[in-house]
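Work through the exercises below with the sequence and the coordinates at hand. Each task is followed by a solution that goes step by step.

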Amino acid sequence: MNYKITQGTAFPLVEITLSQGEEIQIERGSMVHHSGDITLEGKMNSGGGGGLGGLVKAVGRSLVSGESFFITRATGQRDGAVIAIAPALPGAVRELRLGESQWRIRDGAFLACDGAVSYEIKRQSIGKALFGGTGGFFIMESRGTGSMLVNSYGDLQEIELDGTRKYIVDNTHVVAWSASLDYDIRVASGTFGFTTGEGLVNEFHGKGTILIQTRNIQSLATSMIPYLPKSGS
């Protein structure tokens, strides 16, 4: 996937150049503009499955992960066709290289991928599901070989673990992590973190990479509550 990302802005735009016949998948509603020689087609978000099985898989993805039931496939009609896409939230966009290594991704972080790349839903243990926030019993894991673009709310920071120590990240700030890493989800401190203002955290172990976002949408929503109109006022 040949792309470039606008720099020096909190609202990046990704311009992807396609060859004739080249296909990519993009998050539903993310297209901003294209050069007129791009075909857009809505497909069930079934990871490549068709028929009744694909329908069931797409419904399952939508219900358990919060992802769209449909995903958009963009196909170049000539060499040099250009499509521009943008994430829903202001923040950074990052490429994940897939092949020998794969990634686990939080719901809502997917932006685009090569036609040969996808993600599947993986079941979590009961303990992780009960404390896992939006992911519940399921998380997303990449598969295939190629490139995937993910987006964050706020900036993105990369943390490398060498296996000699654990690392703690607030649950709402995790964007993606190497599938080679093991992790546990637990309470940050006190009774559900109330004593420190923190809630749930991810405790990572092993060798791999963690991508974290510097902001989280839950905090933004909470900060706006005092300014929202109240019933009867």
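**Exercise 1: An open sheet and its edges**

Task: starting from one bridge pair, find the sheet that contains strand 2 and strand 7, and state which strands stand at its edges.

Solution. Begin with threonine 17, whose bridge partner in strand 7 is valine 82. This pair belongs to the ladder between strand 2 (residues 14-18) and strand 7 (residues 81-85), which pair in the antiparallel sense over 5 bridges. Next, follow the pairing outwards: 4 strands form an open sheet in the order 1-2-7-4, with antiparallel pairing. Strand 1 (2-5) and strand 4 (31-34) each have a single partner strand, so one side of each is left without a neighbour in the sheet, and these two are the edges. From one strand to the next, the twist averages 20°.

**Exercise 2: How far to trust the coordinates**

Task: before reading any local detail, establish what confidence the model carries and which stretches call for caution.

Solution. The model is predicted, and its pLDDT averages 82 over the protein, with 77% of the residues scoring at least 70. Then look for the weak stretches: over residues 50-66 the pLDDT stays under 50, although the model has 31 contacts beyond four places in sequence for them. Residues 130-135 also have a pLDDT below 50, and this stretch has 13 contacts in the model beyond near neighbours in sequence. Where pLDDT is low, the predicted coordinates should not be read in detail. As an overall frame, the protein has 3 helices and 19 strands, and 40% of its 233 residues count as buried. Among contacts between residues at least 6 apart in sequence, 77% join residues at least 24 apart.

**Exercise 3: The largest nonpolar core**

Task: say which residues touch the most other members of the largest nonpolar core, and which elements give two or more residues to this core.

Solution. The largest nonpolar core has 18 residues, and of these Ile105 and Met148 touch the most other members. The elements that give two or more residues to it are strand 8 (93-98), strand 9 (103-105), strand 10 (110-114), strand 13 (146-151) and strand 16 (174-178). A second, separate core holds 14 residues, including Val14, Ile24, Ile38 and Ala112. Now list the surroundings of methionine 148: leaving out residues up to four places away in sequence, methionine 148 touches Arg94, Glu95, Leu96, Leu98, Ile105, Phe110, Ala112, Cys113, Val117, Ser118, Tyr119 and Ser142. In soluble globular proteins, nonpolar side chains tend to be buried together.

**Exercise 4: Strand 16 and its partners**

Task: determine how strand 16 is covered, and how it pairs with strand 9 and with strand 19.

Solution. Strand 16 is mostly covered, since 5 of its 5 residues are buried. With strand 9, strand 16 pairs in the antiparallel sense over 3 bridges, and arginine 104 stands opposite tryptophan 177. Strand 16 is also joined by 3 bridges to strand 19 (residues 207-213), again running antiparallel, and here valine 174 stands opposite isoleucine 212.

**Exercise 5: An aromatic pair between strands**

Task: classify the pairing of tyrosine 183 with phenylalanine 204, and place both rings in the fold.

Solution. The count of aromatic pairs comes to 4. For tyrosine 183 and phenylalanine 204, the centres are 6.3 Å apart and the planes make an angle of 40°, so the pair lies between the limits of 30 degrees for stacked and 60 for edge-to-face and is tilted. Tyrosine 183 sits in strand 17 (residues 182-187) and phenylalanine 204 in strand 18 (residues 200-205), so that the pair links parts of the chain 21 residues apart. Tyrosine 183 counts as buried because its relative accessibility is 4%, and phenylalanine 204 because its value is 0%, against a cut-off of under 20%. Trp177 joins Tyr183 and Phe204 in one aromatic cluster.

To finish, place these strands in their sheet: 3 strands form an open sheet in the order 15-18-17, with antiparallel pairing. Its edge strands are strand 15 (167-170) and strand 17, each pairing on one side only, and neighbouring strands are turned by 30° against each other on average, direction ignored. Strand 15 is joined to strand 18 by 4 bridges, and the partner of isoleucine 168 there is glutamate 203.

Methods:
Residues are numbered from 1 along each chain as its sequence is written. This is a predicted model: local features need pLDDT of at least 70, side-chain atom pairs count only at pLDDT 80 or more; totals for chains, interfaces and linings use all residues. Side-chain values use heavy atoms; hydrogens and water are left out. A nonpolar core is a set of buried Ala, Val, Leu, Ile, Met, Phe, Trp, Tyr and Cys residues joined through side-chain atoms within 4.5 Å. Buried means under 20% relative accessible area, exposed over 50%, partly exposed in between (1.4 Å probe, protein chains only). Contact means heavy atoms within 4.5 Å. Rings of Phe, Tyr and Trp (its six-membered ring) pair if their centres lie within 6.5 Å; planes under 30 degrees apart count as stacked, over 60 as edge-to-face and the rest as tilted. Two strands pair if DSSP finds at least two bridges between them. Axes are lines fitted to C-alpha atoms, for helices over the stretch in contact, and angles run from 0 to 180 degrees between N-to-C directions. pLDDT is the predictor's confidence in each residue, from 0 to 100.
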